[in-house]
Amino acid sequence: TPPYTLRMKASSFDPGRLDVTAFARAQGTLQGTTPLARLTRLAASTVTLADGVADAVRWSVTGVWTDRPGRAAEVRLHLVARAQVWLECQRCLQPMAHGLEVDGRFRFVAGEDEAARLDEESEEDVLALPRALKLDDLIEDELILALPIVPVHDTCPQPLSFSGEADTDLPALDPAPPDHPFAALAGFKSGK
């Protein structure tokens, strides 16, 4: 089976080695589905369920070319990606489904220095124009950025349970509060 399924508009473009300039100039569109297992960095942040449910990322990318008289044309990609992933709830430690959505616009310019300069001034992401873009890498980067910092259920499916067994590695706690520091002085004063 292919690593992803594709539906294409305009001429054939390879999402594994996308010529961003040609794709934008053609105002091309690619849509596809990529198995989550193929995005190994994202998959490493998720929980694998016992039933082996294979999650997939659905995505589409459109090239945008803007002519600017007297200046270089602007090259952009518009990326939309959606996936449902399973994460570990940090409250109850049970798997939880979480929807990830990306709707990003990327402007491509010549060189890292130009990209860094314009990225500070721009509300859109500005990237250096690569020779060929591996679309899976861009999709994966954006989905990783969309992961919650601390995933938790709104309401955990099972009440949290705590073991009643004492931990033998920890010292026993004295349930009685300690005496007041001056209690001994009070005893001397009263002659006890």
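Student: Quick one to start: do strand 5 and strand 6 pair in the parallel or the antiparallel sense?
Tutor: Parallel, over four bridges, with strand 6 covering residues 125–128. Pairing here requires at least two DSSP bridges between two strands. Keep in mind that this is a predicted model: local features need pLDDT of at least 70, side-chain atom pairs count only at pLDDT 80 or more, and totals for chains, interfaces and linings use all residues. Residues are numbered from 1 along each chain as its sequence is written, and side-chain values use heavy atoms, with hydrogens and water left out.

Student: Which residue stands opposite Arg 107 in strand 6?
Tutor: Val 126. Arg 107 itself sits in strand 5.

Student: And what does strand 4 do with strand 5?
Tutor: Strand 4 (residues 71–88) runs antiparallel to strand 5 (residues 95–109), and 14 bridges join them. Arg 82 faces Glu 101 of strand 5. The hairpin has six residues between the strands, and Leu 93 takes a positive phi near 65° there.

Student: Zooming out, what's the order of the elements along the chain?
Tutor: From the N terminus, β-α-β-α-β-β-β-α-β-α-α. That comes to five helices and six strands, counted as DSSP runs numbered from the N terminus (helices are H or I, at least four residues; strands are E, at least two).

Student: Back to Arg 107: is it buried or exposed?
Tutor: Buried, at 15% relative accessible area. The cut-offs are under 20% for buried, over 50% for exposed and partly exposed in between, using a 1.4 Å probe and protein chains only. Leaving aside neighbours within four places in sequence, the contacts of Arg 107 include Arg 68, Glu 74, Arg 76 and Glu 124; contact means heavy atoms within 4.5 Å.

Student: Which salt bridges does Arg 76 form?
Tutor: One is with Glu 74, with the closest N and O atoms 2.6 Å apart, and another is with Glu 124, at 2.9 Å, N to O. The second pair links distant parts of the chain, 48 residues apart: Glu 124 is in the loop between helix 3 (112–121) and strand 6, while Arg 76 is in strand 4. Salt bridges with shared partners join Arg 68, Glu 74, Arg 76, Arg 107 and Glu 124 into one network. The criterion is a side-chain nitrogen of Lys or Arg within 4 Å of a carboxyl oxygen of Asp or Glu.

Student: How many salt bridges in the whole structure?
Tutor: Nine. One of them joins Asp 141 and Arg 41, with the closest N and O atoms 2.8 Å apart. Asp 141 is in helix 4 and Arg 41 in helix 2 (residues 40–43), so this pair ties together parts 100 residues apart in sequence. Asp 141 is partly exposed at 32%, and so is Arg 41 at 42%.

Student: New topic: how many disulfides does the structure hold?
Tutor: Zero, where a disulfide would need two cysteine sulfur atoms within 2.5 Å.

Student: Why is there no bond between Cys 92 and Cys 156?
Tutor: Because the sulfur of Cys 92 is 3.7 Å from the closest cysteine sulfur, the one in Cys 156, which is too far. Cys 92 is buried at 13% relative accessibility, and Cys 156 is buried at 16%.

Student: Last one: where is Ile 149, and is it buried or exposed?
Tutor: Ile 149 is in the loop between helix 4 (135–146) and helix 5 (183–190), and counts as exposed at 85% relative accessibility.
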